[in-house]
Amino acid sequence: MANFVHRRQIVIEWGHCDPAGIVFNSRFFEFFDWNAWTMFEAALGVPRAELFATYDIMGIPLVDARARFVVPIKFGDVVDIASEVSEFRRSSFDVQHRLMVGGELAVEGSETRVWATRDKDDPSRIKSKPIPSEVIDRFR
């Protein structure tokens with residue numbers, strides 16, 4: 001499947017870093033999350049705040065996340081982030097992220113997310129629901 005690849009560029013700010021000036025590892029999971037959401041906005045053409053009502057979901061919660069750190073990313077680095085959905089299943093999907101600095105792979109990550117809605121019988125709970133085919137088609 002040819003995938004929609006969402007790309008953007010960020011500049012590393014001091015607030016992303018530890019005292020040594022290297023991006024603190026948990027920040028990468030924030031970068032993954034930001035890019036996953038902006039990828040859905042770009043692919044579907046719907047602002048994040050409207051995704052919930054448009055698709056009758058409460059979100060795309062994260063159920064698994066991993067990262068492999070190859071090269072440190074430092075204060076002031078310009079980072080190119082590329083994210084894509086690598087697999088859709090009935091109600092979950094995998095997202096792959098690659099962060100490059102100067103054309104060199106620095107970090108790669110993966111997430112598994114669920115297409116989720118509120119449980120009609122117990123609104124304090126969430127449950128998965130099938131991902132609409134029209135959503136999946138926008139990523140091809």
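A salt bridge here is a side-chain nitrogen of Lys or Arg within 4 Å of a carboxyl oxygen of Asp or Glu. By that rule, a search of the whole structure finds 12 salt bridges, and several of them are stops on this tour.

Before you start clicking, note that this is a predicted model, in which local features need pLDDT of at least 70, side-chain atom pairs count only at pLDDT 80 or more, and totals for chains, interfaces and linings use all residues. Residues are numbered from 1 along each chain as its sequence is written, and side-chain values use heavy atoms, with hydrogens and water left out.

**The whole chain**

Show the cartoon. Three helices and seven strands make up the secondary structure; helices (H or I, at least four residues) and strands (E, at least two) are DSSP runs, numbered from the N terminus. Follow the chain along its sequence and you pass through β-α-α-β-β-β-β-β-β-α. The C-alpha trace spans about 50 × 35 × 25 Å along its principal axes.

Now switch on a surface. The chain exposes about 7,500 Å², and carbon and sulfur atoms supply 52% of that area (Shrake-Rupley method with a 1.4 Å probe; for residues, only the protein chains shown count as cover). Of the 140 residues, 41% are buried, where buried means under 20% relative accessible area, exposed over 50%, and partly exposed in between (1.4 Å probe, protein chains only).

If you like contact maps, take contact to mean heavy atoms within 4.5 Å. Among contacts between residues at least 6 apart in sequence, 63% join residues at least 24 apart.

Colour by charge next. There are 18 positive and 21 negative side chains, and the centres of the two sets lie 3 Å apart. Lys and Arg count as positive and Asp and Glu as negative, while His and the chain ends are not counted; each charge is placed at NZ of Lys, CZ of Arg, CG of Asp or CD of Glu.

**Stop 1: helix α1**

Select residues 25-44, which form helix α1, and show Arg27 and Glu30 as sticks; the two lie three residues apart, about one turn of the helix. Their side chains meet in a salt bridge (3.1 Å, N to O). Arg27 is partly exposed at 24% relative accessible area, and Glu30 is partly exposed too, at 30%.

Stay on this helix and pick Asp33. Which residue is its salt-bridge partner? Asp33 pairs with Arg113, with the closest N and O atoms 2.6 Å apart. Arg113 sits in strand β5 (residues 104-114) and Asp33 in helix α1, so the pair ties together parts that are 80 residues apart in sequence. Is Arg113 buried or exposed? Arg113 is buried, with a relative accessible area of 1%, whereas Asp33 counts as partly exposed at 27%.

**Stop 2: strand β2**

Move to β2 (62-69) and select Asp64 and Arg66. The two side chains form a salt bridge (3.1 Å, N to O). Asp64 is partly exposed at 29% relative accessible area, and Arg66 counts as exposed at 54%. Then add Glu111 to your earlier selection: salt bridges that share partners join Asp33, Glu111 and Arg113 into one network.

**Stop 3: a loop with an unusual phi**

Most residues other than glycine have a negative phi. Centre on Asp56, in the loop between α2 (48-55) and β2. Asp56 has a positive phi of about 50° although it is not a glycine. Its relative accessible area is 41%, which makes Asp56 partly exposed.

**Stop 4: Ser92**

Ser92 is in strand β4 (residues 92-101) and counts as buried at 14% relative accessibility. What does Ser92 contact, leaving aside its neighbours within four places in sequence? Ser92 is in contact with Glu87, Arg113, Val114 and Ile131.

**Stop 5: the aromatic rings**

Finish by showing Phe, Tyr and Trp (its six-membered ring): rings pair if their centres lie within 6.5 Å, with planes under 30 degrees apart stacked, over 60 edge-to-face and the rest tilted. The count comes to 13 aromatic pairs. Phe28 and Phe31 are edge-to-face, at 5.8 Å centre to centre and 85° between the planes. These two are three residues apart in helix α1, about one helical turn, and both are buried. The rings of Phe88 and Phe93 have centres 5.8 Å apart and planes at 45°, so that pair is tilted; both Phe88 and Phe93 are buried.

For the last view, select Phe4, Phe40, Tyr55, Phe88, Phe93, Trp115 and Phe139 together: ring pairs link them into a cluster.
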